[in-house]
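Got the viewer open? Let's walk through this one stop by stop, with something to select at each.

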Amino acid sequence: LSCLGLRQLVLGVLLSPQLLEKLSDELQQAHGVKVVCEGSALVDGATVELEHESLGDRTGFVVRHEGAAHGYLNWCPHIGTPLNLLPNEFLDELKETVVCATHGAKFLPDTG
């Protein structure tokens, strides 16, 4: 596994669909909330790629591992390229590690 970790992103609370409906667009914008997906849609071993103005020209992604969601900058700390070659593809075939598609570095999904 990589000795240099991934840069973590700050994640908000995963909200239920009922709470998402109550959050108005204005409230979301005022508090910088980015709705990525419903919490129930992000199952263990799944990832969601995201864009946000705070990331500049880079993207981020969220991975659920052992019930917890973790967010990371989509950027390899070793060679300075995006981790994925295909959209929303960050994990190995067994869904156990985040893998840099360029040179194969592996990162634990819960710690980066």
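**Two cysteines, no bond**

Start by selecting Cys100 and showing its sulfur: the closest cysteine sulfur belongs to Cys76 and sits 3.9 Å away, which is too far for a bond. This is a predicted model, and the disulfide count for it comes to zero. A disulfide would need the two sulfurs within 2.5 Å, so Cys76, with the sulfur of Cys100 as its nearest at 3.9 Å, is in no disulfide either. Now switch on a surface. Is Cys100 buried or exposed? Cys100 counts as buried because its relative accessibility is 1%, under the 20% limit. Cys76 is buried too, with a relative accessible area of 1%.

**Zoom out to the core**

Keep both cysteines selected and add Phe61, Val63, Tyr72, Leu83, Phe90, Leu91, Val98, Ala105 and Phe107. Together with Cys76 and Cys100 they make up the largest nonpolar core, eleven residues in total. There is a second core, separate from that one, with seven residues; to find it, select Val48, Leu55, Val62 and Leu73, which are among them. As background, nonpolar side chains in soluble globular proteins tend to be buried together. Over the whole chain of 112 residues, 34% are buried.

**The aromatic cluster**

Back in the largest core, hide everything but the rings. How many aromatic pairs does a search of the whole structure find? The search finds two. For one of them, pick Phe61 and Tyr72: the ring centres are 5.9 Å apart and the planes meet at 40 degrees, so this pair is tilted. Phe61 belongs to strand S3 (residues 60-65) and Tyr72 to strand S4 (residues 68-73), with the two positions eleven residues apart in sequence terms, so to speak: they are eleven residues apart. Both Phe61 and Tyr72 are buried.

Now swap Tyr72 for Phe90. Phe61 and Phe90 are stacked, with 4.0 Å from centre to centre and 10 degrees between the planes. Phe90 is in the loop between S4 and strand S5 (98-99) while Phe61 is in S3, so this pair ties together parts 29 residues apart in sequence. Phe90 is buried, as is Phe61. Bring Tyr72 back, and you have Phe61, Tyr72 and Phe90 as one aromatic cluster.

**One step along the loop**

Select Glu89 next, which is also in the loop between S4 and S5. Glu89 counts as partly exposed because its relative accessibility is 46%. Then add Thr47 and draw a C-alpha to C-alpha distance: Glu89 and Thr47 are 7.5 Å apart in space, yet 42 residues apart in sequence.

**A charge over a ring**

For another ring, go to Trp75. Arg58 lies over its face, at 3.8 Å from the ring centre.

**The whole chain**

Switch to cartoon view. You should be able to trace two helices and six strands, running β-α-α-β-β-β-β-β from the N terminus. Of the contacts with a separation of 6 or more, 44% are between residues 24 or more positions apart.

Last, colour by pLDDT. The chain average is 77, and 63% of the residues score at least 70. Where does the pLDDT fall below 50? Residues 10-15 are such a stretch, and in the model this stretch has eleven contacts beyond near neighbours in sequence.

Methods. Residues numbered from 1 in each chain as written. Predicted model: local features only at pLDDT ≥ 70, side-chain atom pairs only at ≥ 80, totals over all residues. Heavy atoms only, no water. Phe/Tyr/Trp six-rings, centres within 6.5 Å; stacked < 30°, edge-to-face > 60°. Helix = DSSP H or I, 4+ residues; strand = E, 2+ residues; numbered from the N terminus. Buried < 20%, exposed > 50% of the residue type's maximum accessible area, 1.4 Å probe, protein only. Lys NZ or Arg CZ within 6 Å of the ring centre and 35° of its normal. pLDDT = per-residue confidence, 0-100. Contact = heavy atoms within 4.5 Å. Core = buried A, V, L, I, M, F, W, Y, C linked by side-chain atoms within 4.5 Å.
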